[in-house]
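Q: I should like to learn how to read a protein model with bound ligands. Could we work through it feature by feature?

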Amino acid sequence: MCLFVEVNLISEPLVIFVCATAGQGDPPDNMKNFWRFIFRKNLPPTSLCQMDFAVLGLGDSSYAKFNFVAKKLHRRLLQLGGSALLPACLGDDQHELGPDAAIDPWLHDLWEKVLGLYPVPPDLGVIPPGVPLPSKFTLRFLPEAPKMCSEEQHVAGADPPGPPSEQQPFLAPMVTNQRVTSPSHFQDVRLIEFDITGSGLSFAAGDVVLIRPQNQASHVQQFCRVLGLDPDQYFTLLPREPGVPCPTQLPQPCSVRHLVSHYLDVASVPRRSFFELLACLSPHELEREKLLQFSAPQGQEELYSYCNRPRRSVLEVLCDFPHTAGAVPADYLLDLIPPIRPRAFSIASSLLAHPSRLQILVAVVHYRTRLKEPRRGLCSSWLASLDPGRGPVQVPLWVRPGSLTFPETPDTPVIMVGPGTGVAPFRAAVQERVARGQTGNFLFFGCRWRDQDFYWESEWLELERKGCLTLFTAFSREQERKVYVQHRLRELGPLVWDLLDRRGAYFYLAGNAKGMPADVSEALTSVFREEGGLSGPDAANYLARLQRTMRFQSETWA
Ligand SMILES: Cc1cc2nc3c(=O)[nH]c(=O)nc-3n(C[C@H](O)[C@H](O)[C@H](O)COP(=O)(O)OP(=O)(O)OC[C@H]3O[C@@H](n4cnc5c(N)ncnc54)[C@H](O)[C@@H]3O)c2cc1C
Ligand SMILES: NC(=O)c1ccc[n+]([C@@H]2O[C@H](COP(=O)([O-])OP(=O)(O)OC[C@H]3O[C@@H](n4cnc5c(N)ncnc54)[C@H](OP(=O)(O)O)[C@@H]3O)[C@@H](O)[C@H]2O)c1
Ligand SMILES: Cc1cc2nc3c(=O)[nH]c(=O)nc-3n(C[C@H](O)[C@H](O)[C@H](O)COP(=O)(O)O)c2cc1C
């Protein structure tokens, strides 16, 4: 995200930049124009010398290029003459307390600097802690339900102007939802197929589909009960300040049920700001005291063990603070609870092999913490719960390019490394390449046991038999010592080196961001040393060159 318009930048005295890092160290889509603008070579080095600035980065240290965009932007603004009020803040999703751990102290320092430069006029004063800001929206409840169902009209949309998008997703009929791990395996993984006939959706290998999940019906009911809301009541949403747009996902008028099931992320783990606002809204002394403790810097350890470690949800917290929950004014719901985020899935099929169809391979997130109820991933569990065999099922989705693009030339080899669900984009790539007659398809696949989680086994073997694919497998738990895809890469070092160095192969990696990408990169550089005779630094440079020239690409997820 990036919150400003670049045309005015030259005359702005103070700008706070908030930017995430996406892809593999890339700016997010809505920042790309600005990125091109700010890195234009012809910008004079004094362009921004009137500007004070601060950069707040949102990133995740499990990615190799941690907060790359924030760091690079900070350097560039200095280069253009801007004065940094503070070093860039590097928010980290991996921190126990989330990005807040870095953001809280940074914001404290930022306010000190800003108030030093621009003191609050004496007649205004600073809003004291404990007093909530006005809500962003007001909910005007309607005495009765509207005659026309605005919700169905809203999601179905009338003649969407372009291809489906976040603002106007396509309601894709689910065709199949099939478990592809053996029933005895601990991990439930689904192969899900959608019919996209007439959607205007188009995609190529490497693209991803975005899906907006919904809350479980029982959670919606429980939430309404605890907050004393009537799920069947309708309201219209009005911004308190002119010019503030209402969320496009919400129909007008909207029912409380729709708001809670489709919009409010009651299953997410709440942030510290949630406790802060809740404390402000609490009429109950004991509850307010506890909420204030969780909001205070010294209460962060306690908040971590209450909330983050056991992955307690917004809904569960509200149930723990019933007097406060029951008193939350409806106007504050959208300030208190973040919207449900869409989830990305690598598209696992090619339109060339499955016209009008889109398939995904979904690992259902399910794990335990010290809480009695097991934790379930919102989107994967919702998808797994849908059964097209019991009546029509529709899922709101749209498509965007992913990080992987494949060469068009007929005989450039591709080495694809995809353990677990990481194999999904390579299923699409193999289908696409085979349909186009492209040769040199090398796939490294890893799973736990051949007979438990070997996705698309028969398909791969058939393609091998036809000479369209070379498959290398690593079954991690079939022997005492773990065998992973990177072990196979090392064993096949001479082939890997030959493909990359002599035959100009492209190398792809997809799957779990934890550990695997670093291990695979390490295995590759060891192949460069062993087979190419390169020194340590030369091997690292060789890999960096492959990355720069897009011959090493990865799509990993945490
Ligand atoms: C580009 C891209 C492509 C992707 N492709 C695929 C794909 O092809 N297939 C696929 O299955 N997923 C894929 N994902 C991941 C997918 O987007 C979701 O993140 C995933 O399905 C989980 O979403 P959820 O809503 O079910 O879980 P959420 O409700 O979002 O919960 C997930 C969170 O739970 C926590 N968690 C999970 N497991 C544990 C654990 N064992 N212990 C403690 N905490 C845990 C983690 O914080 C995790 O972030 C992809 C992600 C991206 C960004
Ligand atoms: N939160 C986490 O840290 C975490 C980590 C892994 C998976 N998951 C969850 O598990 C589900 C399925 O994930 P997935 O399909 O991506 O993969 P996966 O099924 O967890 O793993 C696929 C294969 O990769 C192996 N593997 C583990 N560590 C590796 C490493 N460092 N390098 C190479 N291979 C490695 C696994 O072996 P072994 O299991 O035998 O080691 C397994 O054989 C998802 O729900 C995901 O959220 C979560
Ligand atoms: C597909 C994907 C790629 C990412 N790549 C990086 C990365 O290269 N470096 C990094 O520091 N963080 C990376 N992140 C983490 C995000 O920057 C982080 O989650 C951030 O909070 C997202 O903010 P947003 O939800 O506002 O986009 C990535 C996240 C995703 C989902």
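The dialogue below takes up the overall fold, one residue and the two ligand sites in turn.

Q: What kind of model is this, and how many helices and strands are there in the protein?

A: This is a predicted model. The protein contains 20 helices and 20 strands.

Q: How does the radius of gyration of the protein relate to that of a compact globule?

A: The general idea is to set the radius of gyration against the value for a compact globule with that number of residues. For 558 residues that value would be near 24 Å, and the protein has 26 Å, which agrees. The C-alpha trace spans about 75 × 65 × 50 Å along its principal axes.

Q: What share of the residues count as buried, and how much accessible surface does the protein have?

A: A residue counts as buried when its relative accessible area is under 20%. In this protein, 49% of the 558 residues count as buried. The accessible surface comes to about 27,300 Å², and 54% of that surface belongs to carbon and sulfur atoms.

Q: What share of contacts in the protein join residues at least 24 apart in sequence?

A: One begins with the contacts between residues at least 6 apart in sequence. Of these, 74% join residues at least 24 apart.

Q: How is a single residue read, and is Gly91 buried or exposed?

A: One looks at its element, its accessible area and its contacts. Gly91 is placed in strand S4, residues 89-92. Gly91 has a relative accessible area of 0%, so it counts as buried. Beyond the neighbours within four places in sequence, Gly91 is in contact with Gly57, Leu58, Gly59, Phe66, Asn67, Pro99 and Ala102. The C-alpha atom of Trp106, 15 residues away along the chain, is separated from that of Gly91 by 9.8 Å.

Q: Which residues are the closest to ligand 1, and which polar contacts does this ligand have?

A: One lists the surrounding residues, then looks for pairs of N or O atoms within 3.5 Å. Ligand 1 is surrounded by 20 residues, the closest being Arg343, Ala344, Leu361, Cys379 and Ser380. The side chain of Arg343 places an N or O atom 2.8 Å from an oxygen atom of ligand 1. The backbone also takes part: an N or O atom of Leu378 is 2.8 Å from a ligand 1 oxygen atom, and one of Cys379 is 2.7 Å from an oxygen atom of ligand 1. The protein covers 70% of the 980 Å² of accessible area that ligand 1 has on its own.

Q: Which elements give two or more residues to the shell around ligand 1, and how does the shell divide by class?

A: These elements are strands S11 (343-346), S12 (357-363) and S20 (552-557), together with helix H13 (378-385). S11 gives the largest share, four residues. By class, the shell has twelve nonpolar, four polar and four charged residues.

Q: How is the site of ligand 2 read, and which residues are the closest to this ligand?

A: The steps are repeated for this site. Among 19 surrounding residues, the closest are Thr421, Ser476, Arg477, Tyr484 and Asn512. Side-chain polar atoms lie 2.7 Å from a ligand 2 oxygen atom for Ser476 and 3.4 Å from an oxygen atom of ligand 2 for Lys514. For Tyr484, a side-chain N or O atom is 2.5 Å from an oxygen atom of ligand 2. The protein covers 73% of the 880 Å² of accessible area that ligand 2 has on its own. Strand S17 (441-447) and helix H19 (516-532) are the elements that give two or more residues to this shell. The shell around ligand 2 divides into six nonpolar, eight polar and five charged residues.

Technical notes. Residues numbered from 1 in each chain as written. Chains lettered and ligands numbered in written order. Predicted model: local features only at pLDDT ≥ 70, side-chain atom pairs only at ≥ 80, totals over all residues. Heavy atoms only, no water. Near = heavy atom within 4 Å. Polar contact = N/O pair within 3.5 Å; in protein donor to acceptor, adjacent residues only side chain to side chain. Areas by Shrake-Rupley, 256 points an atom, 1.4 Å probe, with all protein chains shown as cover. Nonpolar A, V, L, I, M, F, W, Y, C, P; charged D, E, K, R; others polar. Buried < 20%, exposed > 50% of the residue type's maximum accessible area, 1.4 Å probe, protein only. Contact = heavy atoms within 4.5 Å. Rg over C-alpha atoms; globule rule 2.2 N^0.38 Å.
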